[in-house]
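Reader: I've got a model open on my screen and I'd like a close look at one part of it. Could you pick a helix and walk me through what it sits against?

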Amino acid sequence: MSNFKRIDPQQAEQLLEQGAGLVDIRDPGSFDAAHIPGAVRLDNANLQQFLARTNQERPLIVCCYHGNSSQPAAAYLADEGFAEVYSLDGGFELWYRTFPDKVEAS
């Protein structure tokens with residue numbers, strides 16, 4: 001049984017409106033060029049700090065390029081104690097096609 005759920009962009013948007021957190025695991029250049037508003041870029045360099053400082057009871061969405069890499073990352077975060085973890089199906093690419101007006105650059 002998976003310890004995270006896969007969700008589509010519409011479900012992710014609803015969760016974000018309800019206060020869910022969002023991490024983006026894409027490379028720095030892609031993240032800086034465009035990302036979902038409120039996203040925190042997460043990689044191995046800031047992972048331990050993120051784990052130590054983040055409320056693990058708050059729902060958390062994991063975003064990558066196309067929704068593949070976010071699945072093992074979501075499973076890892078759930079294993080680390082996050083109570084409610086989601087992987088964004090279709091990743092940033094599908095989000096951008098679905099909500100082109102809900103993207104920002106760094």
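Author: Let's take helix α1 and follow its surroundings outward. First, the ground rules: this is a predicted model, where local features need pLDDT of at least 70, side-chain atom pairs count only at pLDDT 80 or more, and totals for chains, interfaces and linings use all residues. Residues are numbered from 1 along each chain as its sequence is written, and side-chain values use heavy atoms, with hydrogens and water left out.

Helix α1 covers residues 9-17; helices (H or I, at least four residues) and strands (E, at least two) are DSSP runs, numbered from the N terminus. Pro9, Ala12, Glu13 and Leu15 of α1 are buried, meaning under 20% relative accessible area with a 1.4 Å probe, protein chains only (exposed is over 50%, partly exposed in between). They sit on the same side of α1 because they span an arc of only 165° around the axis, taken from the directions from the helix axis to the C-beta atoms. That fits a simple rule: an α-helix has 3.6 residues a turn, so residues three or four places apart point the same way.

Now the ends. At the start of α1, a side-chain oxygen of Asp8 comes within 3.1 Å of the backbone nitrogen of Gln10. After α1 comes Gly19, with a positive phi near 105°.

What do the buried residues of α1 pack against? The partners are β1 (5-7), β4 (60-63), β5 (85-88) and α5 (91-98), with contact meaning heavy atoms within 4.5 Å. Take α5: its axis is 10 Å from that of α1, and the two pack at an angle of about 85°. Axes here are lines fitted to C-alpha atoms, for helices over the stretch in contact, and angles run from 0 to 180 degrees between N-to-C directions. The two helices are therefore roughly perpendicular, the word for 65 to 115 degrees (under 35 is roughly parallel, over 145 roughly antiparallel, the rest oblique). Pro9, Gln10, Ala12, Glu13 and Leu16 of α1 meet Leu94, Trp95 and Thr98 of α5.

The largest nonpolar core has 16 residues, and Ile36, Ile61 and Leu88 have the most contacts inside it. Such a core is a set of buried Ala, Val, Leu, Ile, Met, Phe, Trp, Tyr and Cys residues joined through side-chain atoms within 4.5 Å. α1, β4, β5 and α5 each give it at least two residues. Leaving aside neighbours within four places in sequence, Ile61 touches residues including Ala12, Leu15, Leu16 and Leu88.

Key:
Polar contact = N/O pair within 3.5 Å; in protein donor to acceptor, adjacent residues only side chain to side chain.
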